[in-house]
Amino acid sequence: MSATAITRTGTHSTAYLQLPGGWFHNNAGWITGERHTLLVDTCATEGRSRALLEAALGPEPKTSLTAVLTHAHGDHSHGARQVVEQDGAVYAADSAVEEIHAGPHTYPELFEYADWGSIDPPEHITPVTGRTTVDLGGTRAEIHPVPTRAHTDGDLVIHHPDDGVVFTGDLLFHGVTPLALHGSVAGWLEALDWLESFRAETLVPGHGPVVSHADSALAQQREYLRWLLDSTTEALPDFAALEERARRGWPEWHDAERHSVNLRVAHAENRDHTPDIADAIAAMLGAAGNRIPLEL
Ligand SMILES: [Zn+2]
């Protein structure tokens with residue numbers, strides 16, 4: 001079961017958390033100025049995205065709306081159509097726009113779920129190609145493309161300097177196993193250094209509870225990604241033994257079946273190969289025991 005928690009992260013910014021943050025239970029949020037609301041991400045289903053929009057705007061919206069999608073994954077992007085239906089504009093990284101338009105991606109081979117609602121992507125999504133400042137009226141938000149391939153090849157973070165908050169998208173997972181299926185482990189490590197350079201007081205991760213700068217979530221994730229690369233340098237690693245070590249090393253993280261994918265992505269990177277996504281997914285299904293049921 002998941003629970004939604006709405007947490008103020010400053011005068012203008014609010015985190016919308018779907019805890020504990022497992023498969024398709026992503027975080028979103030919004031930053032509100034005098035004239036404009038910047039929504040950060042949407043949710044996996046039409047119903048959840050509608051609930052998010054209502055929480056962000058209230059029953060009678062007083063501001064205009066823009067949504068920034070931190071990346072193409074469906075949990076963060078499936079509500080883009082609802083934003084456009086509320087006369088909002090939608091922004092995403094250049095390569096994420098292409099990926100979103102190729103969707104919606106619901107991965108029926110991986111997940112048992114059918115009730116997505118209306119999640120077809122809207123016709124127009126504006127690509128973000130560089131750092132972009134959005135004037136919200138009395139305060140500004142900044143959209144930053146992540147400089148490396150990290151969680152995906154089209155990640156954005158949103159910085160609100162007045163509140164000292166960064167919405168990290170899936171650059172950061174908190175209490176949930178990160179997923180490197182569509183990204184790069186080495187690039188992700190670099191991106192975490194870049195993320196630290198914002199020196200934000202508060203980080204809203206893509207999944208899991210809000211992180212204060214004193215928390216160890218970022219250090220833990222760095223340690224994990226480093227371990228993935230360091231433990232998969234052999235030509236034929238014992239993946240089953242490594243998965244077991246990962247489960248023991250990070251026992252509190254949800255969705256441990258992702259270790260099997262992450263290890264294979266890291267192994268491919270160590271050998272300069274493109275990861276075999278089908279093989280990685282088959283390994284994850286093996287680790288999960290079956291198709292993964294979703295409760296959305
Ligand atoms: Zn993601």
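Which residue stands opposite Ser 13 in strand 3? Select Ser 13 and look across: Ile 31 stands opposite.

Before going on, note that this is a predicted model, where local features need pLDDT of at least 70, side-chain atom pairs count only at pLDDT 80 or more, and totals for chains, interfaces and linings use all residues. Residues are numbered from 1 along each chain as its sequence is written, and side-chain values use heavy atoms, with hydrogens and water left out.

**Stop one: the strands**

Select residues 13-19, which form strand 2. Strands here are DSSP runs of E, at least two residues, and helices are runs of H or I, at least four, numbered from the N terminus. Six of the seven residues in strand 2 are buried (under 20% relative accessible area, 1.4 Å probe, protein chains only).

Add strand 1, residues 3-8. Six bridges join strand 1 to strand 2, and the two run antiparallel. Strands pair if DSSP finds at least two bridges between them. Four residues lie between strand 1 and strand 2 in this hairpin. Find Ala 3: its bridge partner in strand 2 is Leu 19.

Now add strand 3, residues 28-32. Strand 3 pairs with strand 2 over four bridges, in the antiparallel sense.

**Stop two: the helices**

Select helix 8 (residues 258-270) and helix 9 (residues 277-288). They pack at an angle of about 155°, with axes 7 Å apart. Helix 8 and helix 9 are therefore roughly antiparallel (angles over 145 degrees, on a scale from 0 to 180 degrees between N-to-C directions).

Show side chains at the contact (heavy atoms within 4.5 Å). Helix 8 brings Arg 258, Ser 260, Val 261 and Arg 264. Helix 9 brings Asp 279, Ala 280, Ala 283, Met 284 and Ala 287.

Notes: Buried < 20%, exposed > 50% of the residue type's maximum accessible area, 1.4 Å probe, protein only. Parallel < 35°, antiparallel > 145°, perpendicular 65-115°, else oblique.
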